[in-house]
Amino acid sequence: MKESYIDVINVRRLAIEHIARIAYEDRPLSDIATEIYKILPGEEARYRENIFRERAVMGERLRQVLGLDARTADNTEAITEGINKIDVDFRVYDPPLVNVIKIACEACPENKVEVTNNCRACLAHPCVSVCPKNAITYTSKGSIIDQDKCIKCGRCVQECPYNAIVHYDRPCSESCGVKAIKSDKLGRAEIDEAKCVACGRCIQTCPFGAITDKSEIYQLIKTIKSDKDVYAIVAPSFVGQFGAMASPEQIFEGIKKLGIKKVVEVGLGADLTTLNEAKEFIEQVPEKIPFMGTSCCFSWKLMVQKNFPNVNSYISESSTPMIYSAKYLKKQNPDAKIVFIGPCISKKLEALQDNVSDYVDFVITFEELMGMFVAKGIEIGEIEIDDKIMDASQTGRGYAVSGGVADAVKKRIKEIDPDRKVEMEKAEGLHECVKLMKLAKAGKKNGMLLEGMACTYGCVGGPGTIVSYNRAKKSVKKFSDESIFKSPNDNTNIPENEKPQ
């Protein structure tokens with residue numbers, strides 16, 4: 001998607017950039033009513049059938065970037081409705097984090113098998129022969145499918161010699177591994193909040209850009225401008241996200257140029273997660289629990305909690321790298337405001353948890369960070385910096401890629417107990433995560449270390465990333481190899497008394 005959904009991505013980034021400009025320039029939030037015309041000037045639409053719908057959708061996008069709810073199409077209030085709720089000292093957004101912009105949704109058909117105009121009305125018509133429900137009728141002009149009878153088994157799709165029959169689904173529904181997308185009475189997408197785990201996959205796959213998440217960059221920028229100490233913790237997948245020529249050091253320096261006082265790798269927190277999860281696995285599996293799942297991905301944890309509550313206690317009790325990193329900085333400065341910068345949107349929900357909100361004050365994605373860079377005119381590749389970043393170990397930095405978490409924990413277990421045999425399995429994407437947990441619940445994964453990542457390819461495939469997986473993976477590997485700490489236990493940034501014994 002990063003390479004092919006470029007227009008959808010551009011529209012999203014325009015909204016982020018313009019809200020950032022309003023914040024930096026200290027303009028009133030009521031300016032969003034006129035900002036739409038700056039973003040989409042003139043009379044000709046660029047992305048939709050007319051400029052009026054295009055502007056209406058952009059207005060809802062601006063509201064989402066401000067942390068407000070997306071409105072229904074029949075709402076008669078001004079676009080500025082709700083801006084009086086925005087207070088820079090408190091988070092604006094409340095669940096649901098992920099919203100469907102109804103006016104942008106095209107009400108795509110759900111789960112349908114259809115005969116295309118490539119049908120040749122062939123004499124053999126195998127589609128008719130193989131249909132178990134007699135849902136297909138042969139005519140001299142081509143086959144016809146009775147949608148009321150069709151069970152979507154796909155046998156006709158496989159048998160057609162001309163590939164004239166297609167089976168397709170609504171992209172957002174098809175991509176949702178927890179079946180949280182349903183339809184409203186007009187056939188438009190609707191998110192079942194009880195099922196949603198905020199992985200953001202529907203945001204990535206909707207070709208109309210009709211699904212988006214709320215942001216808090218406005219509050220973050222205002223907090224930075226208030227001269228409070230703001231520290232940033234940056235997820236391991238950040239390398240390579242801001243251009244092939246931008247080094248990790250330049251990215252960190254660019255973040256500082258935004259007014260953030262200190263920047264630390266979340267890889268440091270990942271090292272603490274590794275140390276604690278390795279100890280936990282050794283002490284717990286299989287004597288106390290049959291298997292252990294890693295704790296890093298919040299969407300994975302939510303999926304287990306909602307869909308497999310009976311085995312939820314088998315997910316590691318260790319904190320996530322985000323939490324460990326935030327606690328690390330809060331010890332240095334309890335009054336500092338901490339912003340997590342990463343690839344995922346579910347961290348925005350994790351940061352609202354009672355046990356996390358005292359440590360993590362803001363969460364933004366790499367895409368939102370890019371919007372801040374653009375608004376401030378910061379060119380990362382032009383920054384001159386000689387310092388080297390050395391906060392995390394090689395395996396801590398490797399958390400960004402699928403399999404990296406479990407691999408780090410397994411290596412640490414082998415350091416502690418070289419004779420211990422550790423079987424591990426990873427799942428990437430919620431569809432695969434659900435399959436893995438079904439097998440684990442059935443007792444098929446006993447004794448194993450299980451890693452679940454809601455995003456395909458791991459964190460480098462997250463909804464808040466900017467570049468393709470292949471580019472990001474290479475950058476992560478190079479950056480990991482550059483660490484002088486081969487093991488998290490070697491990391492001298494972590495005080496010895498904080499390393500589990």
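This passage walks through some local features of a predicted model, from a covered helix to charged side chains at the surface.

A good place to begin is helix H9, which spans residues 248-257 and is mostly covered, with seven of its 10 residues buried. The buried residues of H9 are Pro248, Glu249, Gln250, Ile251, Phe252, Gly254 and Ile255. Their cover comes from several parts of the chain, including strand E9 (230-234), strand E10 (262-265) and strand E12 (337-342). Helix H14 (366-376) and helix H18 (469-481) are also among the elements that cover the buried residues of H9. Just after this helix, Gly259 adopts a positive phi of about 110°.

Further along the chain, Thr273 sits in helix H10, which covers residues 267-284. Thr273 has a relative accessible area of 0%, and is therefore buried. Its surroundings can be described in some detail. Leaving aside residues up to four places away in sequence, Thr273 touches Ser295, Ser319, Thr320, Pro321, Tyr324 and Tyr399. Thr273 and Ser318 are 45 residues apart along the chain, yet 6.3 Å separates their C-alpha atoms.

The backbone offers a few details to look for in the loops. Between H10 and strand E11 (292-293), the loop holds Pro286, and the peptide bond leading from Val285 to Pro286 is cis, with omega near 0°. Ala107 is not a glycine but has a positive phi, near 50°. This alanine is found in the loop between strand E1 (98-100) and strand E2 (112-115), and Ala107 counts as partly exposed because its relative accessibility is 29%. Tyr457, another residue that is not a glycine, has a positive phi of about 80°. Tyr457 belongs to the loop between strand E15 (449-453) and H18. With a relative accessibility of 40%, Tyr457 is likewise classed as partly exposed.

Charged side chains come next. Side chains of opposite charge can pair when their charged atoms come close. In this model, the count comes to 37 salt bridges, and three of these pairs serve as illustrations here. In one, the side chains of Lys331 and Glu498 meet with an N to O distance of 3.1 Å. This pair links distant parts of the chain, as Lys331 is in helix H12 (residues 321-332) and Glu498 is in the segment after H18, 167 residues apart. Lys331 is exposed, because its relative accessible area is 57%, whereas Glu498, at 28%, is partly exposed.

A second pair stays within one helix. The closest N and O atoms of Glu415 and Arg412 are 2.8 Å apart in a salt bridge. Both residues lie in helix H16 (residues 404-416), where three residues, about one turn of the helix, separate them. Glu415 is partly exposed at 41% relative accessibility, while Arg412, at 11%, counts as buried. Elsewhere, salt bridges with shared partners join Glu25, Arg27, Asp31, Glu35 and Lys38 into one network. Within this group, the side chains of Arg27 and Asp31 form a salt bridge of 3.2 Å, N to O, and both of these residues are buried.

The surface also carries unpaired charge. Lys179, Lys182, Lys195 and Lys438 form a positive surface patch. One of them, Lys438, lies in helix H17, which runs over residues 430-441. Because the relative accessible area of Lys438 is 53%, this lysine counts as exposed.

Methods
Residues are numbered from 1 along each chain as its sequence is written. This is a predicted model: local features need pLDDT of at least 70, side-chain atom pairs count only at pLDDT 80 or more; totals for chains, interfaces and linings use all residues. Side-chain values use heavy atoms; hydrogens and water are left out. Patches are made of residues with over 30% relative accessible area and no salt bridge: like charges are joined within 9 Å, nonpolar side chains (Val, Leu, Ile, Met, Phe, Trp, Tyr) within 5 Å. Accessible areas come from the Shrake-Rupley method with a 1.4 Å probe; for residues, only the protein chains shown count as cover. A salt bridge is a side-chain nitrogen of Lys or Arg within 4 Å of a carboxyl oxygen of Asp or Glu. Lys and Arg count as positive and Asp and Glu as negative; His and the chain ends are not counted. The place of a charge is taken as NZ of Lys, CZ of Arg, CG of Asp or CD of Glu. Helices (H or I, at least four residues) and strands (E, at least two) are DSSP runs, numbered from the N terminus. Buried means under 20% relative accessible area, exposed over 50%, partly exposed in between (1.4 Å probe, protein chains only). Contact means heavy atoms within 4.5 Å.
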